[in-house]
Amino acid sequence: MILPVSNLTKTEQIPFNSQNPREEKPSPYDKDTLLKNNFSNRMRIGIDKFAKAFTIYPARGMKGSTNSNFYEYLTMGSNVPSIIGSIILITIFNSYKNYAQSDKIGAAKIGNKMALGVIFYSLFKSLSKSLITYPVKMKTGIDTEIPYAKVNYQLQEKPGDYDLTSIEYHKIGESVDFTRWDLLYGDVNKNESPNFRYDKIAKKNGLGENLTDSDQEVKPIYKEVLVKSALAKSFASYMWAATGVALAFQDCWQDYFNVATLKIWKPREFFHSIKIFARSFVKSISSLYKGPETAASKFSKYSGKALIGVTILSTLAGMFNAMHITKKPSKITAKDVMNKNKESVVN
C-alpha cells in the first residue's frame, strides 16, 4: 500500500502577515476535502458555481486578476452562454406581442414549444448521465461522480491581503491521468482503515478480501471504468437531449399550454396543470414513436422510432461496456507456475 503524503496545514503554507493584521474570514475547508455524492451536495455545488459564474468570476477576469484561473473560465463557459442562449431562444417567438394579429397564434405555438424544448434539453442531458453512473456504481462499486472541495491558495493582490483562499469543486475522476487517489484513502483521525474504500471495490469486483495492497489492485480497474463511463455519458447525454427536444415539439402539448400556470397560490389550477402536463408527456412519447398520421415520407414516419431506439441502445451499450472490466489483475501466483517436484537451476 502506498500512503498519500499528508497535506500541509494552512499556517504552514501561508504565513501570517503581522504588518497587515486583518480578521480572517472563516472557510468551510482547511484542506482538500472529499464530499458525499448526494443530492444536497450536488445542489449546493451547482448553486455555488452558477452564482459565481455570473458575479465573482467575470468581475475577477475583467479586472485582470492574477487569481483568475482556468477553472473559473470553464465554470463561466458551462453556465453563462447556455443560460443566455436559452433565454434568447425562449424569447424569440414568445415576444409575439409585436407581431401582426394573424401571426400571433402561430408564433405562440412555436414559442411555447421552443421554451419547452430548451427546458427538456437541459433536463434530459443532465439527468441521463445518472443512467450510466448509478448502474455502474451498483455493479462495480465505483462512483465516477464523487465530488471534492479543493482549497485554492491565492496570490497577494493588495498589501493587506494574506491567507486568501477560494474553494473549487472538482470530481475525483475528473482527470484519468491525475485522479485524486489520495482523497480516497481513509482518515486515521476518524478511525478509518486507510484502504477501506479500495477494499470495498476489490470485494465487489471479485478480487478477494483482506488484500495487502487493494489500492494498487483497484486503481487500473477504476481508471478503466472512468474512461468507459465518460464515453458512455457523452453519447447518451446528447442522444437523450435530442429526444427531449423532439418530445417537446409534438402537437399534443397544446393541451398543456392551454392550462399551464405557475400560480402556486391557486392550488386547484396549479395541480390541474401538472396533471395535464403528465398526460401530455405520455402522449408525446406515443406521438414521437408512432410518427405523424399524415407522414409525407417513410423518414418522417419512422424517424421518431429510430431516435428513441438509438437513444436507448446507445445508453445500454455504454452502460454494459463500462461494467465490463478487462484490467483485473491476474490470479496466477508463483505456486501455480513453479513445480516443486521438479529440479530447477538458478544461474
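Two residues are in contact when heavy atoms of the two lie within 4.5 Å.

**View 1. Overview of the predicted chain.** Of the contacts between residues at least 6 apart in sequence, 66% join residues at least 24 apart. The chain holds 12 helices and 3 strands. Buried residues account for 34% of its 347 residues. Its accessible surface is about 22,600 Å², and carbon and sulfur atoms contribute 61% of that area.

**View 2. A nonpolar patch on the surface.** The patch consists of F50, F54, I83, I84, I87, I88, L89 and I92, which together have about 660 Å² of accessible area. Helices α2 (39-54) and α4 (70-94) are the elements that each give two or more residues to the patch. The largest share, 6 residues, comes from α4. Two of the patch residues are picked out here. I84, found in helix α4, is partly exposed, with a relative accessibility of 43%. I92 also lies in helix α4 and counts as partly exposed at 41% relative accessibility. The C-alpha atom of I92 is 9.7 Å from that of I110, a residue 18 positions away along the chain.

**View 3. The crossing of helices α7 and α8.** The axes of α7 (residues 196-204) and α8 (residues 214-248) come within 9 Å and cross at roughly 65 degrees. The crossing is left-handed. On the α7 side, the residues that meet α8 are Y198, D199, I201 and A202. Their counterparts in α8 are S214, D215, V218, K219 and Y222.

**View 4. Salt bridges of K137 and E145.** The side chains of K137 and D143 form a salt bridge, with N and O 3.7 Å apart. K137 is partly exposed at 36% relative accessibility, whereas D143 is buried at 7%. E145 pairs with K171, their closest N and O atoms being 2.3 Å apart. E145 lies in the loop between α6 (130-140) and β2 (147-153) and K171 in strand β3 (residues 165-171), so this salt bridge ties together parts that are 26 residues apart in sequence. E145 has a relative accessible area of 17%, and because buried means under 20%, E145 counts as buried. K171, at 37%, is partly exposed.

**View 5. A salt bridge within helix α8, and a network elsewhere in the structure.** K228 and E224 form a salt bridge in which the closest N and O atoms are 2.8 Å apart. Both residues lie in helix α8, 4 residues apart, or about one turn of the helix. K228 is buried, with a relative accessible area of 16%, and E224 is buried at 6%. Salt bridges with shared partners also join D32, R180 and D182 into one network. The whole structure contains 11 salt bridges.

How values were computed: Residues numbered from 1 in each chain as written. Predicted model: local features only at pLDDT ≥ 70, side-chain atom pairs only at ≥ 80, totals over all residues. Heavy atoms only, no water. Buried < 20%, exposed > 50% of the residue type's maximum accessible area, 1.4 Å probe, protein only. Areas by Shrake-Rupley, 256 points an atom, 1.4 Å probe, with all protein chains shown as cover. Patch = residues over 30% accessible without salt bridge, like charges linked within 9 Å, V, L, I, M, F, W, Y side chains within 5 Å. Salt bridge = Lys/Arg side-chain N within 4 Å of Asp/Glu carboxyl O. Axes fitted to C-alpha atoms, helices over the stretch in contact; angles between N-to-C directions. Left-handed = near helix turned anticlockwise from the far one by under 90°.
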